[in-house]
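Trainee: I should like to learn how to read the features of a protein model. May we work through one together?

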Amino acid sequence: LSGLLTGEEVAGALRVFPDPGTVTIIQAPERAALYAQALAAHGLASRILDPESALFAGLARIAALKRAE
């Protein structure tokens, strides 16, 4: 069931954003693999980022921008 829902979610997003280029997936590895498969079925490339790493990178970027003000 989870794979079907993921496939529908990706198909719905592609109706709104028909040519997204490479899609960045920020998700736990097990779920990210499902999204990557669904995107690949539509001929799209993806890259997977660990959620915790993405969070810390984002917070570091915000802090850097704040320091530069």
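The dialogue below takes up helices, the nonpolar core, a pocket and two single residues.

Mentor: Please bear in mind from the start that this is a predicted model.

Trainee: Let us begin with the helices. What span should the 13 residues of α2 have at 1.5 Å a residue?

Mentor: The expected span of α2 is 18 Å, and its end C-alpha atoms lie 18 Å apart, so the two values agree. For α1, with 15 residues, the expectation is 21 Å, and the separation of its end C-alpha atoms is 22 Å, which also agrees.

Trainee: How should I read the sides of a helix? Which residues of α2 are buried?

Mentor: The general idea is that an α-helix has 3.6 residues a turn, so residues three or four places apart point the same way. In α2, the buried residues are A32, Y35, A36, A38 and L39. Viewed down the axis of α2, these buried residues fall within an arc of 165°, so they line one face of the helix. The face of α2 turned away from that buried side carries the exposed residues E30, Q37 and A41.

Trainee: What covers the buried residues of α2?

Mentor: The cover includes α1, together with β1 (23–26) and β2 (46–49). After α2 comes G43, whose phi is positive, near 80°.

Trainee: Which residues of α1 are buried, then?

Mentor: They are T6, V10, A11 and L14. Seen down the axis of α1, its buried residues fall within an arc of 135°, so they too line one face of their helix. The cover over them includes α2. On the face of α1 turned away from the buried side are the exposed residues L4, L5, E8, R15 and V16.

Trainee: How do I find the core, and which residues make up the largest nonpolar one?

Mentor: In soluble globular proteins, nonpolar side chains tend to be buried together. Here the largest nonpolar core has 9 residues: V10, L14, I25, A32, Y35, A36, A38, L39 and L44. The elements that give two or more residues to this core are α1 (2–16) and α2 (29–41). The largest share, 5 residues, comes from α2.

Trainee: I25 is a member of that core. Which residues does I25 touch?

Mentor: Not counting residues up to four places away in sequence, I25 touches A32, Y35, A36 and L39, and also S46, R47, I48 and L49.

Trainee: How is empty space found, and what volume does the largest pocket have?

Mentor: Rolling a probe the size of a water molecule over the atoms shows where empty space is left. The largest pocket of this model has a volume of about 240 Å³. Of the 13 residues that line this pocket, the closest to its centre are V10, A13, V23, Y35 and L39. At least two lining residues are supplied by each of α1, β1 and α2.

Trainee: Finally, how do I judge a single residue? Is T6 buried or exposed?

Mentor: A residue counts as buried under 20% relative accessible area. T6 has a relative accessible area of 1% and is therefore buried. Leaving aside neighbours within four places in sequence, T6 is in contact with R31, L34, Y35 and A38.

Trainee: Where is P51 found, and which residues does P51 contact?

Mentor: P51 belongs to helix α3 (residues 51–68). With a relative accessible area of 33%, P51 is partly exposed. Beyond its neighbours within four places in sequence, P51 is in contact with I26, Q27 and A28. The C-alpha atoms of P51 and P29 are separated by 9.4 Å, and these residues are 22 residues apart along the chain.

Notes. Residues numbered from 1 in each chain as written. Predicted model: local features only at pLDDT ≥ 70, side-chain atom pairs only at ≥ 80, totals over all residues. Heavy atoms only, no water. Core = buried A, V, L, I, M, F, W, Y, C linked by side-chain atoms within 4.5 Å. Buried < 20%, exposed > 50% of the residue type's maximum accessible area, 1.4 Å probe, protein only. Helix = DSSP H or I, 4+ residues; strand = E, 2+ residues; numbered from the N terminus. Contact = heavy atoms within 4.5 Å. Expected span 1.5 Å × (residues − 1). Arc of directions from axis to C-beta. 1 Å grid on protein atoms, 1.4 Å probe; cavity = no way out; pocket = protein on both sides within 12 Å on 5 of 7 lines; lining within 4 Å. Points joined across faces, edges and corners; volume = space filled by probe spheres on them.
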